[in-house]
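Subject: Handover of a structure and a summary of its features

Dear colleague,

Please find below the sequence and structure that I am passing on to you. My account of what was found follows directly after them.

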Amino acid sequence: MLSLRTRGFRLSLSQWMLVISLLTLLPFLGFAIYAGQRMIGERSAERDRYLLSVAQDRAAETQMVLQKAQAMLRVLTVSKPAQQGDVAGLHELAVAARPLHPDAADICLINTQGQVLFSTEQALGGELPLHPQSADALERLQKGEMVVSSLYLNERHKQHEVALSVPVQLGTLGMHELRLAIRSQTLSAHLAHTALSGELGTALMDGNGLLLARSSDAQRLVGRQASESVQALLKRPNGSVADTLDMQGREMRMSHVAVAGAPWHVVSGVPRSQLQEAERHTLLQLALLGAVCIALSIAFSLALGLYLGRQMRKVAAFHSTSPADLASESANFNVRELHVVAHALVNAAENERAASDQAARAQLDGLTGLARRPLFISSGQRIAAEALRRRHCMAALYIDLDGFKALNDSRGHAAGDAALVRVAALIKDCIRGDDCAGRLGGDEFGVFLSAPASALRHIAMAVSSRLVSRVGQLPDGLGCSIGIAVAEHPPFEIEALLADADGAMFKAKKAGKNRWSF
């Protein structure tokens, strides 16, 4: 009898599976370290993008404040009192206009010598202090440019302000300056308009790093110079993000965005301590996840080893198993069945995809490639939903070919089909990417489009004019009549809008064809 002897140690299958799982965990641990570093890097990049988006949002808000102030001043400069040199009338108009701009603290008129002729905060004729401009500012005003002042302290109200100045020609009195003052506290309110997460804050600074306003504790530190690291950040390209120190010496992560139309920058920042706490939290989560994965891997390896050990012992016992029992036991080995299931799933997915493609083709016109009426109506409803979301209006074009029946009768259906294909191509070429077109039947086509109320009619007329012109240039004497229906207020009823366009099309035909009509 043959005797089997082994040297060294012997391990069971479950023990070998445990060894294999521990060996396979080594690259997993390396990958986990890499993934953790990558995750922290991605979160840092995401945080930087968020800082930048906050700064961009607040910069846009500040720019809007300046634009509204400039628009008010420009309106005053072209007013009748300004053109007639009527200082009293202009003062009265400025007093009436000031409440329309909640951010305006004061509007005053100043001559080239810096003498204040009126202020909306006082009655006309009162004694007012001098407010001279620099030579550079006067030169810019002479050129018709808007001038944004540096931060100054309003002695009367003991509050910091900035001012916007535009030139105004007062009849025969010559060039003067209209100045609108905005308080730092008002700018701070705009910076704090959006709720910010954690300790994230925003500040408004001029190009030299002078603090003009801040989102929290608005009056503290205003008028002070930013740290050297923040000043260095302001000199970097617009949208830069960097580590800096704030005025209190705290380590910060900051981004800056320039305010269009003003020598200002919006800076958003968050303390590094808050970011480091978030990074520690991320590392702790990864460590816990890694521990759970290791424990699960060991448990599954042991369970799989025990299962495979039982299966192999059954295989080893097959030599003493009856044929009936062998057939019964072999049914428990299911490797081939996985292949069968996978093959069945692949076939099912292919059949489903083929059915989906066939259904999609069934919704397109086989001749022109345009949407059939059901798909066209569905596309119109999608455009209506988008128009409602964007506060746009909708229009429908109903297009009917002129002379098509005569072409069909004289040259046959093949020539008619070719003409329909050419017209469909012209319609696709004339509409915009967001519009949709469809074939409604025979020689009738439809178009849905949306645009702002101020531009919708112009766009609809432009598309219709191009179509009438280009279809008219086709051979065989073809033309087209187009009906235009416009829905300026929601809800947008697609079927009703298309029916109105159909009625307008008949109106165009009665008017002489080859034209469009509302």
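Strands here are DSSP runs of E with at least two residues, helices are DSSP runs of H or I with at least four, and both are numbered from the N terminus. In those terms, Lys158 is placed in the loop between strand S4 (152–154) and strand S5 (159–169). Please note that this is a predicted model.

Overall composition and confidence

The chain holds 14 helices and 16 strands. It has 518 residues, of which 40% count as buried. About 29000 Å² of the chain is exposed, and carbon and sulfur atoms supply 57% of that area. If one takes the contacts between residues at least 6 apart in sequence, 59% join residues at least 24 apart.

The average pLDDT of the chain is 80, and 81% of the residues score at least 70. Confidence is highest in strand S14 (residues 444–451), with a mean of 92, and lowest in helix H8 (residues 323–330), with a mean of 47. Two stretches call for a separate remark. Residues 1–6 stay under 50 in pLDDT, and the model gives them 0 contacts beyond four places in sequence. Residues 333–346 are also below 50, and this stretch has 3 contacts in the model beyond near neighbours in sequence.

Backbone geometry

Most residues other than glycine have a negative phi, and most peptide bonds are trans. Three places in the chain are listed here against that background.

Lys158, in the S4–S5 loop, has a positive phi of about 55° although it is not a glycine. Asn514 also carries a positive phi, near 50°. Asn514 lies in the loop between H14 and strand S16 (516–517). With a relative accessibility of 42%, Asn514 counts as partly exposed. The peptide bond from Pro490 to Pro491 is cis, its omega being near 0°. Pro491 is found in the loop between strand S15 (479–487) and helix H14 (494–510).

Salt bridges

How many salt bridges does a search of the whole structure find? The search finds 20. Three of these pairs may be described in detail.

Lys158 returns here, as its side chain meets that of Glu155 in a salt bridge, with N and O 3.1 Å apart. Lys158 counts as exposed because its relative accessibility is 57%, above the 50% cut-off. Glu155, at 52%, is likewise exposed.

Are the partners Arg47 and Asp48 buried or exposed? Arg47 has a relative accessibility of 14% and therefore counts as buried, and Asp48, at 15%, is buried too. Their salt bridge has its closest N and O atoms 3.1 Å apart.

A third salt bridge links the side chains of Asp435 and Arg432, at 2.9 Å from N to O. Asp435 is buried at 9% relative accessibility, whereas Arg432 is partly exposed at 32%. Elsewhere, salt bridges with shared partners join Arg47, Asp48, Asp243, Arg253 and Arg272 into one network.

A nonpolar surface patch

Val19, Leu23, Leu26 and Leu29 form a nonpolar patch on the surface, and together they have about 350 Å² of accessible area. One of them, Leu26, belongs to helix H1 (residues 13–77). Leu26 has a relative accessible area of 57% and so counts as exposed.

Surroundings of Thr120

Where does Thr120 lie? Thr120 is in the loop between strand S2 (116–119) and helix H4 (135–142). At 11% relative accessibility, Thr120 counts as buried, because the cut-off for that class is under 20%. When neighbours within four places in sequence are set aside, Thr120 is in contact with His91, Ala94, Val95, Arg98, Asp106 and Ile107. With Asp106, one of these residues, the side chain of Thr120 also makes a polar contact of 2.7 Å.

Points to keep in view

When you open the model, you may wish to begin with Lys158, which combines a positive phi with a salt bridge to Glu155. The stretches 1–6 and 333–346 should be read with their pLDDT values, under 50, in mind.

With kind regards

Notes. Residues numbered from 1 in each chain as written. Heavy atoms only, no water. Salt bridge = Lys/Arg side-chain N within 4 Å of Asp/Glu carboxyl O. Buried < 20%, exposed > 50% of the residue type's maximum accessible area, 1.4 Å probe, protein only. Patch = residues over 30% accessible without salt bridge, like charges linked within 9 Å, V, L, I, M, F, W, Y side chains within 5 Å. Areas by Shrake-Rupley, 256 points an atom, 1.4 Å probe, with all protein chains shown as cover. Polar contact = N/O pair within 3.5 Å; in protein donor to acceptor, adjacent residues only side chain to side chain. Contact = heavy atoms within 4.5 Å. pLDDT = per-residue confidence, 0-100.
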